[in-house]
Each structure stands twice: as C-alpha cells, then as structure tokens.
Amino acid sequence: AVNAGMTSVAPTVSAPNNGSAAVTLTWTWTGDTAVKTVASATIKYSASVADVNSNSIGATLLNNVWLNYNHADNTPATQLTSSASSTVAEPIIATTKNTVPSAPPTLTGIKAGDVVTYKVRFTNTGTSTAYDVTADDTLAQGMAFTSLTGCVDQTSNPVPTTVTDNGLTITFDGNPAGSWDIAVGNWIECTYRTTAQPGLFM
C-alpha cells in the first residue's frame, strides 16, 4: 500500500520466495507520475517468517531498504539506505513426567491389575506463545491407559482436555481441538491413570 498522491505499483518479488534465500521486493515508478508532488511517501507490506532452520530462537532478521531516484534534471541522486532488524521468537515445550503409584505404595513389585498414576507437565520455556499444542505420551511397557484424572494450568485452573488412547501411546489435545495455547513461562499438567497388564515385565 502507498499514500494518497502516489501511483500504486505492484512490486517485483525475487525467487525463491520461501525463506531459503534473501528476498528482494522492487517497486519502480517511471515518468512524471511518481512522487514529485508528495512531501513524503510510505510503502507498507507484510512478510511472514519462514519455517526454516536458520530462523531459530534469538536469530536476527535484517531488513534493508534502498531508494534510487533522479533529480529534476534527470541526474541520479545519491542512493538512500536504511535498515531495521527483528529478533526471532519461538516457543519451546519442555516435558517432565512423574509417577504417583496408587497401588501398590511403591513401584517395586508391580503386578497385573495394579494402577499407577502419572503426572506429565508441558512447560513453555521459549520466547513466544505456543499455539494449538498437542502432545503424545508413550506408555510404559505393559501398562494400558485407564482414565484421565484432569489437566490444570500454572494457576491450578482446569484445562479442558481430550485424550485419545492409541494403545502404546496417548495423545493430549485441547477441548475443543486446538485450544491448548501455552504462554511463555506457563504450563499445563495432566494427571492420568494406567493399569498393569497380564503381559507386564519389569
């Protein structure tokens, strides 16, 4: 977008435009229809941060701009330059998992039919909010998912959650799906029960 008083010109975009290389946008005005009667001009555009390895947490993205124009006598003016930088932010989810056996009192000598309670916590240790979080949890050998006790956040408020039992794993998701958003420094902790199966061996 450009200010009122300027002729709108679509930019030329260099390729590849996928984050694997620097991308150049070029606006070109020709003739007398450019900005000679405008005191100042602003070009506004939007760009997305590409999902590539180089755009990791803390990386600096430098945006450079060059302006070339001619004086009224058609002689080239000195090129004007400027730049702005942005720092990449991204979420990092750290996971901790602990057992709280309900029977027997310790994890020693677990036998078929015993129930063990697990607590798993998902903490955002990154620098931006993690959106639409889902998590897969691999069950211990010989254990089968029994029930979800519940999930809470760092303020102990309940977090609506759906658990899908996949057999060897269970999948946590928000309820409704995709509603788990974890801000920086926050966490969601889920408690669930499993039952030792006849084929259990320790």
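**Close-up views of a predicted model**

K97 counts as partly exposed, because its relative accessibility of 32% falls between the limits of 20% and 50%. The model shown here is predicted. K97 returns in the second view, with its salt-bridge partner D137.

**View 1. The whole chain is built with eleven strands and zero helices.**
From the N terminus, the order of elements reads β-β-β-β-β-β-β-β-β-β-β. The chain has 202 residues, and 25% of them count as buried. Now take the contacts between residues at least 6 apart in sequence. Of these, 62% join residues at least 24 apart. The chain exposes about 13,000 Å². Carbon and sulfur atoms supply 53% of that area.

**View 2. K97 and D137 form a salt bridge.**
Their closest N and O atoms are 2.6 Å apart. This pair links distant parts of the chain: K97 sits in strand β5 (residues 93-103), D137 sits in strand β7, and 40 residues separate them. Is D137 buried or exposed? D137 is buried, because its relative accessible area of 7% is under the 20% limit. Its partner K97, at 32%, is partly exposed.

**View 3. D137 also meets Y192.**
The side chains of D137 and Y192 are joined by a polar contact of 2.6 Å. The side chain of D137 makes a polar contact with the side chain of K97 too, again at 2.6 Å. Which residues does D137 touch, not counting those up to four places away in sequence? They are K97, V120, L168, T169, I170, F172 and Y192.

**View 4. E189 and R121 meet in a salt bridge.**
The N to O distance between their side chains is 3.1 Å. The two residues lie far apart in sequence: E189 is in strand β11, R121 is in strand β6, and the separation is 68 residues. E189 counts as buried, because its 15% relative accessibility is under 20%. R121 counts as partly exposed, at 26%.

**View 5. K111 and D114 form another salt bridge.**
Here the closest N and O atoms are 3.5 Å apart. How many salt bridges does the structure hold? The count is three. K111 is exposed, because its relative accessible area of 53% is over 50%. D114 counts as buried, at 8% relative accessibility.

**View 6. A disulfide joins C151 to C190.**
The two sulfur atoms lie 2.1 Å apart, so the pair meets the 2.5 Å limit for a disulfide. The link is right-handed, with 110 degrees about the S-S bond. It connects distant parts of the chain: C151 is in strand β8 (residues 143-153), C190 is in strand β11 (residues 187-196), and they are 39 residues apart. C151 counts as buried, at 5% relative accessibility. C190 counts as buried as well, at 0%. The chain's disulfide count comes to one.

**View 7. S128 sits in a loop.**
The loop runs between β6 (115-124) and β7 (135-138). Is this serine, S128, buried or exposed? S128 is buried, because its relative accessible area of 18% is under 20%. The side chain of S128 reaches the backbone nitrogen of E90 at 3.4 Å. Apart from neighbours within four places in sequence, S128 is in contact with A89, E90, P91 and V184.

**View 8. Five residues form a nonpolar patch on the surface.**
They are V13, V23, L25, I43 and Y45. Together they have about 370 Å² of accessible area. Where is L25? L25 belongs to strand β2 (residues 25-26). L25 is partly exposed, with a relative accessible area of 31%.

**View 9. V65 lies in strand β3 (residues 60-67).**
V65 counts as partly exposed, because its 46% relative accessibility falls between 20% and 50%. Leaving out neighbours within four places in sequence, V65 is in contact with L80, T81 and S82. T26 is 39 residues away from V65 along the chain, and their C-alpha atoms are separated by 9.8 Å.

Notes
Residues numbered from 1 in each chain as written. Predicted model: local features only at pLDDT ≥ 70, side-chain atom pairs only at ≥ 80, totals over all residues. Heavy atoms only, no water. Helix = DSSP H or I, 4+ residues; strand = E, 2+ residues; numbered from the N terminus. Buried < 20%, exposed > 50% of the residue type's maximum accessible area, 1.4 Å probe, protein only. Polar contact = N/O pair within 3.5 Å; in protein donor to acceptor, adjacent residues only side chain to side chain. Contact = heavy atoms within 4.5 Å. Areas by Shrake-Rupley, 256 points an atom, 1.4 Å probe, with all protein chains shown as cover. Patch = residues over 30% accessible without salt bridge, like charges linked within 9 Å, V, L, I, M, F, W, Y side chains within 5 Å. Salt bridge = Lys/Arg side-chain N within 4 Å of Asp/Glu carboxyl O.
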